[in-house]
Amino acid sequence: MTEQQIILFALFGAVFLCLLWGRFRYDIVAFSALIIGVIVGVVPTGSAFSGFGHPATIIVALVLVVSSGLVRSGAVYLITNNFVKASRSLSAHIAFMGFIGGILSAFMNNVAALALLLPVEVQTAQKAKRAAGLSLMPLSFATILGGMATLVGTPPNIIISSFRENALGEPFGMFDFAPVGGLVALTGITFVALLGWKLIPKRHTQTLTIRDIDRYIAELTIPIKSDLIDQGVAELNEAAQLSDVSIIGVIRDGKRLYGSVQNAVLQAQDTLVLEAVPNAIDEFRSNLNLDFSDEKREGMLRAEGEGLSLSEVIVTDGSRLRGKSVQSVGLAWRYGTILMGVSRNGKTVIKHLRKLILLPGDILLLLSPKENARTVIEWLNVLPLEDRGTQLTDNTKTSLAIFLFAAAILASAVGLIYLPIALGLLVVLYVLSGILALEGLYESIEWPVIVLLGSMIPLGLALENSGGTALLAQALLNLTLGQPNWIVLTILMIVTMTLSDVLNNTATTIVAAPVALHLAEQLEVSPDPFLMAVAIAASAAFLTPIGHKNNTIILGPGGYHFSDYWRMGLPLEIMIVAISIPALLFFWPL
């Protein structure tokens with residue numbers, strides 16, 4: 001290996017190790033690697049930021065904006081609100097929601113599709129009086145599968161299409177992914193609906209009731225002049241039972257009191273640690289005249305406006321709160337908002353809520369002035385669990401939004417207009433017609449993903465130009481020496497799929513795409529089935545909650561453990577490989 005290749009492999013190795021470690025967010029890791037690559041001379045200075053103008057990066061950003069427009073116009077709720085019924089059997093419901101999720105994610109970003117359907121799924125589970133954990137993982141998997149069917153459904157497809165354009169002069173079309181990706185999606189969703197959901201650990205049916213999803217660890221404070229001062233916690237049991245609240249601890253001067261909570265004698269500014277549903281928390285607070293947090297923060301909150309709003313939100317991987325506490329981000333003094341409760345996979349939270357380090361998948365109960373609720377959610381970049389007016393739906397624009405979207409997609413599909421231009425024009429028309437508000441135009445873009453793409457593309461190009469990807473391809477060829485071409489294709493899929501389960505699927509695609517092309521060149525066969533194999537495999541991240549954002553999002557609401565995903569995900573991935581190889585050879589002959 002040359003010195004340049006050694007440095008680039010070391011950089012990629014460091015990136016993958018940092019992504020596995022998870023201590024730093026993936027965009028910071030990738031951007032740091034890019035800057036180091038430029039400094040040491042393995043990435044040319046002139047092309048350092050070329051990835052940010054790459055068609056793949058532009059398309060991903062535009063797809064996210066368009067998805068936001070479809071949501072805000074009410075185009076998607078038109079389907080879900082009219083057809084989702086709680087009376088269906090669980091298997092029928094999973095199949096129905098899976099196919100809706102699959103279709104939506106084929107034409108809008110699959111993360112956006114899940115974000116839209118998650119509150120619908122939770123509310124349906126509530127009406128059916130069953131655990132949402134039984135159906136959220138199937139829904140997540142279905143939206144991931146559906147994205148495989150079209151060019152805009154998932155970033156790996158966009159990257160593969162752009163890579164083909166650069167390497168071979170022509171990109172994959174909008175529906176070139178449909179023959180194989182659509183077949184995989186259809187078969188995968190059918191498996192999930194008929195058998196897969198039954199592989200989810202049984203504890204979700206035995207112990208995870210719908211109340212467990214809604215119950216929070218919350219804090220209420222004893223006011224300075226409260227009648228409760230010098231009373232024992234045991235004396236509050238009757239009021240707690242009436243409100244369906246469990247008192248599980250007391251915090252004094254920032255420290256939790258140990259021993260039996262029932263024996264504690266209350267003092268002014270003591271904080272009661274409770275477990276309850278949102279309405280019960282507020283009822284208990286009102287009955288005993290308790291403060292939300294403390295007098296200072298409550299005064300700040302009430303000074304902001306006339307009315308208050310409760311919002312239930314999920315901490316996402318890209319949230320401002322990830323790895324931080326609400327105290328450290330200044331939520332109270334910035335927006336007059338109080339963290340009232342936290343739900344974390346059914347685990348007991350023993351730290352003071354304001355100082356608790358929050359993780360992706362945590363469900364938060366936020367109390368804020370009504371006029372600030374939407375701003376707070378967008379500033380924190382968290383996912384609303386329920387529809388509380390955070391999306392300004394304008395049903396008068398539904399038909400127009402659907403028509404413009406269909407026209408743009410059709411124009412691109414028939415080759416009338418280049419896809420990035422079609423999507424860009426669609427965004428302009430959405431803004432001019434009022435479907436998207438100009439002031440919030442860029443808020444739907446996942447900027448960490450854009451930075452990741454913009455950083456990894458120049459690194460991937462440098463690795464390819466240095467001959468590094470050719471070395472990887474040769475290693476795979478040596479591993480499969482003397483084997484039929486379909487065996488090489490299978491090994492490529494398995495390696496790519498394994499990387500995607502533990503790393504970001506975007507980074508996996510950028511590395512695997514040139515390897516696939518070199519493999520095809522060495523075997524003297526068509527590169528298309530190899531590129532398609534990478535696209536399918538990179539999207540098939542079903543073994544862990546970190547392989548795909550959708551799996552991370554459902555971790556908290558579903559009450560899942562890290563090890564739950566492989567139970568349904570492993571047979572699904574095996575099935576995807578078994579279906580994809582013959583389908584690839586049929587639709588994209590070698």
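**Figure legends: overall view and close-ups of the predicted model**

**Overall view of the protein chain.** The secondary structure of the protein chain comprises 25 helices and eight strands. The coordinates shown are those of a predicted model. Of the 590 residues in the protein chain, 58% are buried. The protein chain exposes an area of about 23,700 Å², of which 60% is supplied by carbon and sulfur atoms. Among contacts in the protein chain with a separation of 6 or more, 80% are made by residues 24 or more positions apart.

**Close-up of a nonpolar patch on the surface.** Six side chains are labelled in this view: Phe31, Ile35, Ile36, Ile39, Val40 and Phe49 make a nonpolar surface patch of about 540 Å². One of these residues, Ile36, belongs to helix H2, which covers residues 26-40. Ile36 has a relative accessibility of 43% and therefore counts as partly exposed, since that class lies between the limits of 20% and 50%.

**Close-up of the crossing between helices H8 and H22.** Helix H8 spans residues 155-168 and helix H22 spans residues 505-523; their axes come within 9 Å and cross at roughly 35°. The crossing in which H8 passes H22 is right-handed.

**Close-up of the residues where H8 and H22 meet.** On the H8 side, the residues in contact are Pro155, Pro156, Ile159, Ile160, Phe163, Ala167 and Leu168. Their partners in H22 are Asn505, Thr506, Thr509, Ile510, Ala513, Pro514 and Leu517.

Key
Residues numbered from 1 in each chain as written. Predicted model: local features only at pLDDT ≥ 70, side-chain atom pairs only at ≥ 80, totals over all residues. Heavy atoms only, no water. Patch = residues over 30% accessible without salt bridge, like charges linked within 9 Å, V, L, I, M, F, W, Y side chains within 5 Å. Areas by Shrake-Rupley, 256 points an atom, 1.4 Å probe, with all protein chains shown as cover. Salt bridge = Lys/Arg side-chain N within 4 Å of Asp/Glu carboxyl O. Helix = DSSP H or I, 4+ residues; strand = E, 2+ residues; numbered from the N terminus. Buried < 20%, exposed > 50% of the residue type's maximum accessible area, 1.4 Å probe, protein only. Axes fitted to C-alpha atoms, helices over the stretch in contact; angles between N-to-C directions. Left-handed = near helix turned anticlockwise from the far one by under 90°. Contact = heavy atoms within 4.5 Å.
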